[in-house]
Amino acid sequence: MNKTIRRASVFSLLLVFALLIRATWVQYYEAQALADDTHNRRNAIETYSQPLGNIIVAGKAVTGSARTTGGDLRYKRTYTNGELYAAVTGYASQAYAPTQLEGIYADLLNGTDTRLKTVMDTVTDQRADPGDVLTTIDPAVQKAAYDALGDKKGAAVAIDPRTGRILAVVSTPSYDPSSLTDANTAGTAWKKLTSDSDKPLVNRALRQPLAPGSTFKLVVAAAALEDGLYSSVDERTDSPDPYTLPGTRTVLKNENTSAPCENASIRVALQYSCNNVFAHLAVQLGQDKLRAMAEKFGFNDDTLDVPVRAYASVYPSGMDESSTALTGIGQFDVTATPLQMAMVSAAIANGGELVSPHMVAQITDSGGDVLKDYDDEASTTRIVSSSTAEQLQSAMQTVVEKGTGTNALIDGVTVGGKTGTAQNGENNSKAPYAWFTSYGKADGKEVAVAVVVEQSDAARSEVSGNGLAAPVARAMMEAALKN
């Protein structure tokens with residue numbers, strides 16, 4: 001054979017072998033990665049080839065699927081009361097990756113979850129009928145929070161302290177997930193939402209920790225009682241007023257200059273929100289003991305799934321005494337989400353035990369058979385002793401009955417709460433955050449609530465936890481306890 005032809009033949013054969021090897025590699029080793037690639041159009045075509053499963057609130061679907069009129073995507077997601085439930089559902093979009101419950105349970109809702117497959121599905125290699133997600137959300141509490149927040153920028157969470165069931169998750173301003181479902185129109189909506197300075201896509205209830213202000217004083221009080229620094233909420237403390245931050249000339253002022261804060265008991269200090277008492281308590285306890293108590297309540301936990309991953313609320317470390325004092329009033333680098341502060345009130349209301357918060361009760365297959373029951377899997381953790389919890393409940397009731405939280409009073413309901421007004425911006429240059437966290441008990445029902453109002457149309461001098469956040473909490477507690 002001609003030498004040139006022989007070389008060309010060998011070279012061509014090597015090319016064929018290379019192609020075969022590459023094809024085999026792609027088919028057997030890269031197939032899954034290519035199938036899972038978000039840019040693979042086949043995934044979207046398959047996902048939206050049939051209706052999706054639904055997210056359920058109190059037995060009714062708040063999601064649906066609608067037939068499209070053109071293109072290769074046969075169905076698109078729809079939402080009922082989309083803005084009301086956006087912080088719970090998130091969105092399932094033909095153009096963007098799903099979020100919140102839509103994202104966490106995407107496989108269940110589109111039928112690709114292996115737990116959904118029947119024997120026949122396996123034999124025929126067909127996609128199974130989709131399953132459903134049954135939430136713990138109470139529609140009355142959800143709507144009460146949404147309506148009460150109104151056009152304010154803020155968030156609210158409600159929890160049943162006995163079960164850990166999350167009854168409401170609201171973030172305002174909200175958005176309509178329906179605007180993002182159709183690939184043909186989602187781009188315009190996405191651009192508008194992501195350029196909005198109010199950040200409607202941010203879930204403020206679960207994923208935006210802010211300075212909790214005086215609501216954090218509940219954690220400090222719990223630490224002081226558990227440590228034995230004081231034996232009772234009615235024992236007078238060693239708390240000079242005015243109080244100078246250690247190592248500085250800075251005098252920490254109380255909002256109410258006429259309040260009886262000098263050497264005030266924990267009850268009185270909570271009632272009048274005495275900064276001097278809790279700043280001094282923080283220094284007396286030290287940052288390590290305070291951090292330990294905060295972490296028992298859930299601070300510094302970056303693995304909190306409800307099942308949406310919540311951002312960690314933070315109690316800092318490596319501080320000097322003056323900074324530690326400021327953490328005692330929920331300032332410096334202390335941050336918390338409304339979920340976290342609702343957990344604090346829930347643990348206190350539940351006799352010192354925290355039941356793991358969750359907003360999904362069950363997931364089911366298309367026939368309603370339960371695949372997983374989250375209520376049954378909820379865990380309970382002892383945070384403080386029952387004695388400490390009882391004392392804090394009593395002190396929180398004093399706050400509402402004759403202290404800074406009177407706007408949360410409800411006839412026929414035992415209510416305990418704590419207000420908070422947290423500085424915002426350098427030298428408090430921006431409008432402060434208004435906080436309120438509380439619990440309510442009536443007729444065998446219980447609820448714990450936390451509300452933050454970041455911004456409203458109220459004058460700066462009128463911004464307070466009692467003025468802005470407590471009425472929202474009150475509306476939520478009424479909806480939970482009186483329905």
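This is a dialogue on reading a sheet, a disulfide, salt bridges and one loop residue in a predicted model.

Trainee: How many strands does the open sheet have, and what is their order?

Mentor: Strands of a sheet pair through backbone hydrogen bonds, either parallel or antiparallel. Here the open sheet has five strands in the order β2-β1-β5-β11-β12, and the pairing is mixed.

Trainee: Which strands stand at the edges?

Mentor: β2 (60–61) and β12 (370–373) do. Each has a single partner strand, so one side of each has no neighbour in the sheet.

Trainee: In which sense does β5 pair with β1, and in which with β11?

Mentor: Strand β1 (residues 55–57) pairs with β5 in the parallel sense, over two bridges. With strand β11 (residues 360–364), β5 pairs in the antiparallel sense, over four bridges. Residues can be matched across these pairs: Ile 56 stands opposite Leu 134 in β5, and Val 133 stands opposite Ile 363 in β11. On the β2 side, β1 and β2 run antiparallel and are joined by two bridges, with Ile 56 opposite Ala 61 in β2.

Trainee: Which side chains of β5 are buried?

Mentor: In a regular strand the side chains alternate between the two faces of the sheet. In β5 (residues 132–135), Val 133 and Thr 135 point to one face and are buried. Asp 132 and Leu 134 point to the other face and are not buried.

Trainee: Which residues does the disulfide join?

Mentor: A disulfide is a covalent bond between the sulfur atoms of two cysteines. This structure holds one disulfide. Cys 261 is joined to Cys 274, with an S to S distance of 2.1 Å. Cys 261 lies in the loop between β9 (251–252) and α12 (266–272), and Cys 274 in the loop between α12 and α13 (275–285), so the bond ties together parts that are 13 residues apart in sequence. The torsion about the S-S bond is about -75 degrees, so the disulfide is left-handed.

Trainee: Are these two cysteines buried or exposed?

Mentor: Cys 261 and Cys 274 are both buried.

Trainee: How many salt bridges are found in the whole structure?

Mentor: The search finds 16. One of them joins Lys 76 and Asp 182, whose closest N and O atoms are 3.5 Å apart. That pair links distant parts of the chain, with Lys 76 in strand β4 (residues 75–79) and Asp 182 in the loop between β7 (166–172) and α9 (186–195), 106 residues apart. Lys 76 is partly exposed at 26% relative accessible area, while Asp 182 is buried at 15%.

Trainee: Where do Asp 288 and Arg 291 lie?

Mentor: Both lie in helix α14 (residues 287–297), three residues apart, about one turn of the helix. They form a salt bridge, and their closest N and O atoms are 3.1 Å apart. Asp 288 counts as exposed at 55% relative accessibility, whereas Arg 291 counts as buried at 14%.

Trainee: Where is Arg 115, and which residues is it in contact with beyond its sequence neighbours?

Mentor: Arg 115 is in the loop between α6 (106–110) and α7 (119–124). Leaving aside neighbours within four places in sequence, Arg 115 is in contact with Ile 363 and Leu 371. The side chain of Arg 115 also makes a polar contact with the side chain of Asp 113, at 2.8 Å.

Trainee: How far is Arg 115 from Asp 365 in sequence and in space?

Mentor: They are 250 residues apart in sequence and 8.2 Å apart in space, C-alpha to C-alpha. Arg 115 itself counts as partly exposed, at 43% relative accessibility.

Technical notes. Residues numbered from 1 in each chain as written. Predicted model: local features only at pLDDT ≥ 70, side-chain atom pairs only at ≥ 80, totals over all residues. Heavy atoms only, no water. Buried < 20%, exposed > 50% of the residue type's maximum accessible area, 1.4 Å probe, protein only. Contact = heavy atoms within 4.5 Å. Polar contact = N/O pair within 3.5 Å; in protein donor to acceptor, adjacent residues only side chain to side chain. Pairing = 2+ DSSP bridges. Disulfide = S-S within 2.5 Å. Salt bridge = Lys/Arg side-chain N within 4 Å of Asp/Glu carboxyl O.
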